[in-house]
Amino acid sequence: MRLEYFLLLDRIVDLNLGDRTIRTQATVPTASTIFEGHFPGYPLMPGVLLIETMAQTSGWLIIALTKFTRMPFFAAVKEAKLRSFVTPGQVLAVTATLEHDGSGFAMTRAEIRHDDKLICNAELTFRVVEFPNADFRASMEKVAAELAFPMETLAHG
């Protein structure tokens, strides 16, 4: 995770367009200014950042399913459950499945696990629109490369 850049994922582990699922990995940094205030002497990953981690994972799934032609923007969270604390250094396994798409919106179900223990889960909604410009799409393709996004799956999906 690179919190200062709001890049919460480290890499894409698996992308299955047929099943409409994605798995990513995120390692919580051992040191961050976020932990100075959340909480002094007892650092915990803020729940809102766990939700954003699930949203980013879901977003990459939607980008893949639209073959990099559309950009998802986080619009709503429903049924979010934060079940356990996340501490610095933990490696998180994030999964998302596309449940519905159409009329310019997409809905996913996502969850985060650590050592196979469910940490949190939610239903997320996105507004899906065309990339606003070529520069923005290029910047997303650069981030995709950093995350080991499997571009070859787009040709086969």
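E99, R109 and E123 are linked in a network of salt bridges, a salt bridge being a side-chain nitrogen of Lys or Arg within 4 Å of a carboxyl oxygen of Asp or Glu. This is a predicted model, so local features need pLDDT of at least 70 and side-chain atom pairs count only at pLDDT 80 or more, while totals for chains, interfaces and linings use all residues. Residues are numbered from 1 along each chain as its sequence is written, and side-chain values use heavy atoms, with hydrogens and water left out. Here's a quick tour, starting with the charged pairs.

**Salt bridges**

- Searching the whole structure turns up seven salt bridges.
- In the network, E123 pairs with R109, and their closest N and O atoms are 3.3 Å apart. E123 sits in strand β6 (residues 117–130) and R109 in strand β5, so this pair ties together parts that are 14 residues apart in sequence. As for the naming, helices (H or I, at least four residues) and strands (E, at least two) are DSSP runs, numbered from the N terminus.
- R109 also forms a salt bridge with E99, this time with the closest N and O atoms 3.9 Å apart. That pair links distant parts of the chain, with R109 in strand β5 and E99 in strand β4, ten residues apart.
- How covered are these three? E123 is buried, with a relative accessible area of 10%, whereas R109 is partly exposed at 45% and E99 is partly exposed at 42%. Buried means under 20% relative accessible area, exposed means over 50%, and partly exposed is in between (1.4 Å probe, protein chains only).
- Another bridge joins the side chains of R20 and D101, at 3.7 Å from N to O. This one also links distant parts of the chain: R20 is in the loop between β1 (11–16) and β2 (21–27), D101 is in strand β4, and they are 81 residues apart.
- R20 counts as partly exposed because its relative accessibility is 29%, and D101 is partly exposed too, with 45%.

**Pockets**

- The largest pocket holds about 440 Å³ of space. A pocket here is an open set of points on a 1 Å grid over the protein atoms alone, where a 1.4 Å probe fits, with protein on both sides within 12 Å along at least five of seven lines; lining residues have an atom within 4 Å of a point. The volume is the space filled by probe spheres set on the points, which are joined across faces, edges and corners.
- Its lining counts 23 residues, and F6, L7, Q56, W60 and M140 lie nearest the centre.
- Which element gives the most to that lining? It's α2, with six residues; α2, β3 (70–82) and α3 (134–146) each supply at least two.
- By class, the lining of the largest pocket has 16 nonpolar, three polar and four charged residues. Ala, Val, Leu, Ile, Met, Phe, Trp, Tyr, Cys and Pro count as nonpolar, Asp, Glu, Lys and Arg as charged, and the others, Gly among them, as polar.
- The second largest pocket has about 170 Å³ of space. Among its lining residues are R20 and D101, the two partners of the 3.7 Å salt bridge.
- β4 brings the largest share of this second lining, three residues, and α2, β4 (91–102) and β5 (105–114) each supply at least two. Its mix is six nonpolar, three polar and three charged residues.

**Backbone oddities**

- Most residues other than glycine have a negative phi, and most peptide bonds are trans.
- The peptide bond from H38 to F39 goes the other way: it is cis, with omega near 5°. F39 lies in the loop between α1 and α2.
- F68 isn't a glycine, yet it has a positive phi of about 60°. You'll find F68 in the loop between α2 and β3, and it counts as buried at 1% relative accessibility.
- S103 also has a positive phi, near 55°. S103 is placed in the loop between β4 and β5 and is exposed, with a relative accessible area of 75%.

**A nonpolar patch**

- F39 turns up again on the surface, where F39, Y42 and F85 make a nonpolar patch of about 350 Å².
- Y42 is in the loop between α1 (33–37) and α2 (47–65), and it counts as partly exposed at 47% relative accessibility.
- Patches are made of residues with over 30% relative accessible area and no salt bridge: nonpolar side chains (Val, Leu, Ile, Met, Phe, Trp, Tyr) are joined within 5 Å, and like charges within 9 Å. Accessible areas come from the Shrake-Rupley method with a 1.4 Å probe, and for residues only the protein chains shown count as cover.
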